[in-house]
Amino acid sequence: MRILTYFFLGLIFIMEISYSSSDECQQETARLRVQLKTLEERVFSQQHLIQTLRRQRTEQLAVDRETLHDLGDQNYKDCAQIFNAGNKGNGFYNIRPLASPGLIRVYCDMTEGGGWTVIQRRSDGSQRFNNSWAEYKQGFGDQQSTTGEFWLGNDNIHYLTSQGDYKLRINMADFEGAQRYAEYKIFKVADEKEFYQLQFGEFSGDSGDSLSGTYHPEVQWWASHQGMKFSTYDKDNDRYQRNCAQEDKGGWWFNRCHSANLNGYYYGGAYSDVTDSGVVWYTWHGWWYSLKTVIMKIRPLDFEPNTV
């Protein structure tokens, strides 16, 4: 804006010196002054709008942030224990799974029966999921906001699921407002020495069973995620001759390559790409539709809510 102002003022000054006696020049000078004033008003309006949007965004983030629930010195191994200890509110808590060397900040979802520990969330595409092995190992993303995107970390997921039998629930939504879910009776992730190998049990839900690949017997050998090791762009553990994680833009338990990739690229609905690299759940929307929201959460298989 300052440069444009100087430009117009300089142009006006030159014209006034060169043609001060000319009526035509005076008219042109007046026109340029009006144009300059209009430009200044437009830029001022845009700057005001930007400041307003920034303030609104800051205020929204302040509302969206959720403080950590203080549980004192008591250690809980997961959100199920927290729920049954009388803490029924959604939000962030510190837990300490039995094998964990320290406390882990987690989001506890106390809906749908309560006691769910959230291990992944996709909501708006703000977080990059095409991350390294080290980042997936430790976890990444926004664990301050109630809608933030994150991955809890493969080590942490292993610590949780090594404590006993856990079930997995996946809640999904598309950009047309429809929702689906998938549940797996058993969900286990091995340790890093075993490359975070995945094991899961019987499916139920209305989304279709994309993890097992049983929707078609001819593709199950390459589409099933049962027993798959975790892969990232810098550590290729899949069964494909190339790197599935690199091609499909996210770390996951790839086979050759997938029928589910909930850590894929956030396209925002139907998309086209060289590979099926979106946030994909094949048995609901196929390979060429990227989902709007995904929440992966776990709790003990034998969980019984304490309603007292």
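1. Leu-168 of strand β6 has Ile-298 of strand β15 as its bridge partner. The two strands, β6 (residues 166–173) and β15 (residues 293–300), run antiparallel and share eight bridges; strands count as paired if DSSP finds at least two bridges between them. Keep in mind that this is a predicted model, where local features need pLDDT of at least 70, side-chain atom pairs count only at pLDDT 80 or more, and totals for chains, interfaces and linings use all residues. Numbering starts from 1 along each chain as its sequence is written, and side-chain values use heavy atoms, with hydrogens and water left out.

2. β6 also pairs with β7 (residues 179–184), again antiparallel, over six bridges. Here Ile-170 sits opposite Ala-182 of β7. The hairpin of β6 and β7 has five residues between its strands, and Gly-177 takes a positive phi near 95° there.

3. How many residues of β6 are buried? Eight of its eight, with buried meaning under 20% relative accessible area (1.4 Å probe, protein chains only). One side carries Tyr-166, Leu-168, Ile-170 and Met-172, the other Lys-167, Arg-169, Asn-171 and Ala-173, and both faces are covered. So don't look past Lys-167 and Arg-169: these two are on the buried list as well.

4. Now the whole protein: it has eight helices and 15 strands, taken as DSSP runs (H or I, at least four residues, for helices; E, at least two, for strands) and numbered from the N terminus. Of its 308 residues, 46% are buried.

5. Contacts (heavy atoms within 4.5 Å) with a separation of 6 or more come 55% from residues 24 or more positions apart. The exposed area is about 15900 Å², 50% of it from carbon and sulfur atoms, by the Shrake-Rupley method with a 1.4 Å probe.

Note on methods: Buried < 20%, exposed > 50% of the residue type's maximum accessible area, 1.4 Å probe, protein only.
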